[in-house]
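New to this one? Here is a quick briefing to read alongside the picture.

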Amino acid sequence: MADGMEGMTLKERIHSMRYPIKDKRMLFLVGCFYFSIPIIAGFGIMKFTNAFGMNDEKAKKILRKKLEENSLAQQTVSANKSQLQALLDEVAEKYHAEQRARGKTSAGDR
């Protein structure tokens, strides 16, 4: 090996190689290639997983279960909202009653 790479392992030789791309069009094509590889690979993986995914009956069961859980959650949320609103109304009424009582006493002291 007379090219200055004596004593280097194969891994070091492979990872130390660099080829500068001087042509602007070639640089653009290489950039497009590197940009498109993850998109194409992701699309292929998506198609592969969809092909071996759930069948329709299994998917329908899962969706029905999620819908039931969601309706139960909505009922719980609406019950909590009504309880919170009742508590807020009670606190607001107490606050307004105190304000009215202070207003009457301060006006009577004058």
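## A first look

Let's start with helix α2: its 28 residues reach 40 Å from the first C-alpha to the last, close to the 40 Å expected at 1.5 Å a residue. Keep in mind that this is a predicted model. The chain holds 3 helices and 0 strands, so read from the N terminus its elements simply go α-α-α.

**The chain overall**

- The chain has 110 residues, and buried ones make up 0% of them.
- Its accessible surface adds up to about 10700 Å², and carbon and sulfur atoms account for 63% of that.

**Helix α2**

- This helix covers residues 24-51.
- There's a kink in α2 of about 30 degrees, located at S36. The proline P38 follows shortly after that spot.
- L27 is a resident of α2, and L27 counts as partly exposed because its relative accessibility is 47%.

**A nonpolar patch**

- I21, M26, L27, F28 and L29 together make a nonpolar patch on the surface. The patch comes to about 500 Å².
- How exposed is L27, one of the patch members? With 47% relative accessibility, L27 falls in the partly exposed class, which runs between the 20% and 50% cut-offs.

**The aromatic pair**

- Searching the whole structure turns up 1 aromatic pair. The partners are F33 and Y34, arranged edge-to-face.
- Their ring centres sit 5.7 Å apart, with 70 degrees between the planes. That angle counts as edge-to-face because the cut-off is over 60 degrees.
- F33 is partly exposed, at 47% relative accessibility. Y34 is exposed, with a relative accessible area of 60%.

**Salt bridges**

- How many salt bridges does the structure hold? There are 2.
- One joins K94 to E90, where the closest N and O atoms are 3.6 Å apart. Both residues belong to helix α3, which spans residues 56-109.
- K94 and E90 are 4 residues apart, about one turn of the helix. As a general point, an α-helix has 3.6 residues a turn, so residues three or four places apart point the same way.
- K94 is exposed, because its relative accessible area of 51% is over the 50% cut-off. E90 counts as partly exposed, at 44%.
- Another bridge links E93 and R100, and here the closest N and O atoms are 3.2 Å apart.
- Are the residues of this bridge buried or partly exposed? E93 is partly exposed, with a relative accessible area of 46%, and R100 is partly exposed too, with 47%.

Notes
Residues numbered from 1 in each chain as written. Predicted model: local features only at pLDDT ≥ 70, side-chain atom pairs only at ≥ 80, totals over all residues. Heavy atoms only, no water. Patch = residues over 30% accessible without salt bridge, like charges linked within 9 Å, V, L, I, M, F, W, Y side chains within 5 Å. Areas by Shrake-Rupley, 256 points an atom, 1.4 Å probe, with all protein chains shown as cover. Salt bridge = Lys/Arg side-chain N within 4 Å of Asp/Glu carboxyl O. Helix = DSSP H or I, 4+ residues; strand = E, 2+ residues; numbered from the N terminus. Buried < 20%, exposed > 50% of the residue type's maximum accessible area, 1.4 Å probe, protein only. Phe/Tyr/Trp six-rings, centres within 6.5 Å; stacked < 30°, edge-to-face > 60°. Expected span 1.5 Å × (residues − 1). Bend = angle between axes of the 7 residues up to and from the residue.
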